[in-house]
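Colleague: Could you take me slowly through one part of this model, the sheet that holds the strand pair you would begin with, and then show me what surrounds it?

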Amino acid sequence: MAQAAAGKLPANAQVAPAPDGRAGMTVPPSVPGAKADYTLRIAPVTVELDPAHILSTIGYNGTAPGPVLRMREGKPVTVEVINDTDTPELVHWHGMLIPPEVDGTGEEGSPLVAPHGRRSFQLTPGPAGSRWYHSHAMAMDDLHKGAYTGQFGFVYVDGGNDPGNYDQELFLAIRDWEPFFTANMEDDDDDTHNGPLLEKPAVMNTEPDGLEVGSMTYSINDKALGSGDPIRVREGQRLLIRFLNASAIENLRIAMAGHKMTVIALDGNPAPAPQMVDSIFLGAGERIDAVVEMNHPGIWILGSTEKPIREMGLGVVVEYAGQHTQPQWIDSAKQPWDYTIFGNGTVSAPAPEETIETIFEKIPGGAGKFNVWLVNGKPYPHDREFVLKQGTRYRLVMRNRTDDAHPMHLHRHLWELKEINGKPTAGVNKDTVVVPYYGRAVVDFTADQPGLALFHCHIQQHMDYGFKALFRYA
Ligand SMILES: [Cu+2]
């Protein structure tokens, strides 16, 4: 396995350049002749959102999103990645606890898949639950690269004990397309506010913001609202919907008109206290599994809670058998999203032994046209600033001194949410957490995954312009 190979490199090991231009670490080569369990071919695809909107992008295996990959927890698999494009690529396995050699992240030294090249990766899927795969290439000012493309898809890791208590299982990726630079980025960050502005600086930087990335084209999977097949249901059915926010640019909120949803898992990990909610909020990169009881016959819209975003395509029609009305939308009460309602308050993990403090800041226009993002006063890279001791339980404090909500992700580790804006919780295990604007999030994690681990904002432009740091093991 790649993990075992990492310590003792074969003679033909290669040195991969990282996509940010840094020299990469030495990595094991692909295993020649290994039979692939899965093949991902990266190549140009067309995506017909509706007959009037046919996009050209890069996808996996001829589609965007790519195929739903089902893997068995703990059963090693070989994935062959074939890159039919002119740029080096990386396939990242988001939410998996796997070594940096296969994590698919340039900063961690994962090997690139060369233009028109191929490479096999062996990984042991886990933990069980809804994970996903996506390009981790940098894009900088090129909106046709990295997470702006159609390179994303679900991985469902089967733990073998799924009760299967549902009639239909759906994988719905919410997504925007055709990104552009704009000086007027509007997003749903108000949704993250759930308390006082704990981290609002006393003195604000009032320089004008640089350009951000916006979109006016949305879909669920590869279809805009009103196009493609509806979700066909019967009264009395239970739907299990696995949602993913695969956007490179924004956090999004969605609801199913006429229905409540019971959130049973966050980022694929079972919620200690499942709760019924009117709508769900997903930071870029986050997943939510929700069960919906089909108990309100009609024809409904499942889509963005924001009318303009639904009109730009973010939605799908839900159609009960025998119903023939127009699809209906009903606004639901808008409350700030609160992760802590899914916690159980029971402290089961050990108390943290050490605390890592992080402060996020923005320099408006710091990169000329764009903003620069700082972690502890510096854009990436940080010189050995975050060094972990194997086996230690850490508390990570994230202080967001910016006016945006940032979906923060730590690769290859699972963290337990402890506090949002001063409100405590326990038992909510996640890999991505939206840190509210001028707010604070606190998570605990155990350093049990040796090697480099990338910590970053999941908004591609923020990550590209400084908002990342490498955690390393002593
Ligand atoms: Cu961000």
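Modeller: This is a predicted model, and a good place to begin is strand β11, residues 168-177, which is joined to β16 by seven bridges, the two strands running parallel. Within this pair, L172 stands opposite F243 in β16, which gives you one position at which to find both strands on the screen. In general, the strands of a sheet pair through backbone hydrogen bonds, either parallel or antiparallel.

If you now widen the view, β11 and β16 turn out to belong to an open sheet of six strands, whose order is β14-β11-β16-β21-β18-β19 and whose pairing is mixed. The edges of this sheet are β14 (217-220) and β19, and because each of them has a single partner strand, one side of each is left without a neighbour in the sheet. As you pass along the sheet, neighbouring strands are turned against each other by 20 degrees on average, with direction ignored.

Several of these strands also help to line a pocket, and it is worth following them there. Rolling a probe the size of a water molecule over the atoms shows where empty space is left. The largest pocket holds about 440 Å³ of space, and among the 22 residues that line this pocket, Y156, D162, P163, I264 and P270 are the closest to its centre. Strands β16 (238-245), β18 (261-266), β19 (269-277) and β21 (287-293) are among those that each supply at least two residues of the lining, and β10 (152-158) does so as well. Sorted by class, the lining of the largest pocket is made up of 10 nonpolar, seven polar and five charged residues.

One further detail brings us back to the strand where we began, since β11 covers residues 168-177: the charged end of R175 sits over the ring of W177, at 4.6 Å from the centre of that ring.

For a comparison, please look at another open sheet, this one of five strands, which has the order β26-β34-β33-β28-β31 and mixed pairing. Its edges are β26 (386-388) and β31 (432-435), and as each has a single partner strand, one side of each is left without a neighbour in the sheet. Here the twist averages 20 degrees from one strand to the next. Inside this sheet, β33 (residues 453-457) and β34 (residues 468-473) run antiparallel and are joined by four bridges, with F455 standing opposite A469 in β34. F455 also belongs to a cluster linked by ring pairs, whose members include F386, F467 and F471.

How values were computed: Residues numbered from 1 in each chain as written. Predicted model: local features only at pLDDT ≥ 70, side-chain atom pairs only at ≥ 80, totals over all residues. Heavy atoms only, no water. Phe/Tyr/Trp six-rings, centres within 6.5 Å; stacked < 30°, edge-to-face > 60°. Lys NZ or Arg CZ within 6 Å of the ring centre and 35° of its normal. 1 Å grid on protein atoms, 1.4 Å probe; cavity = no way out; pocket = protein on both sides within 12 Å on 5 of 7 lines; lining within 4 Å. Points joined across faces, edges and corners; volume = space filled by probe spheres on them. Nonpolar A, V, L, I, M, F, W, Y, C, P; charged D, E, K, R; others polar. Pairing = 2+ DSSP bridges. Axes fitted to C-alpha atoms, helices over the stretch in contact; angles between N-to-C directions.
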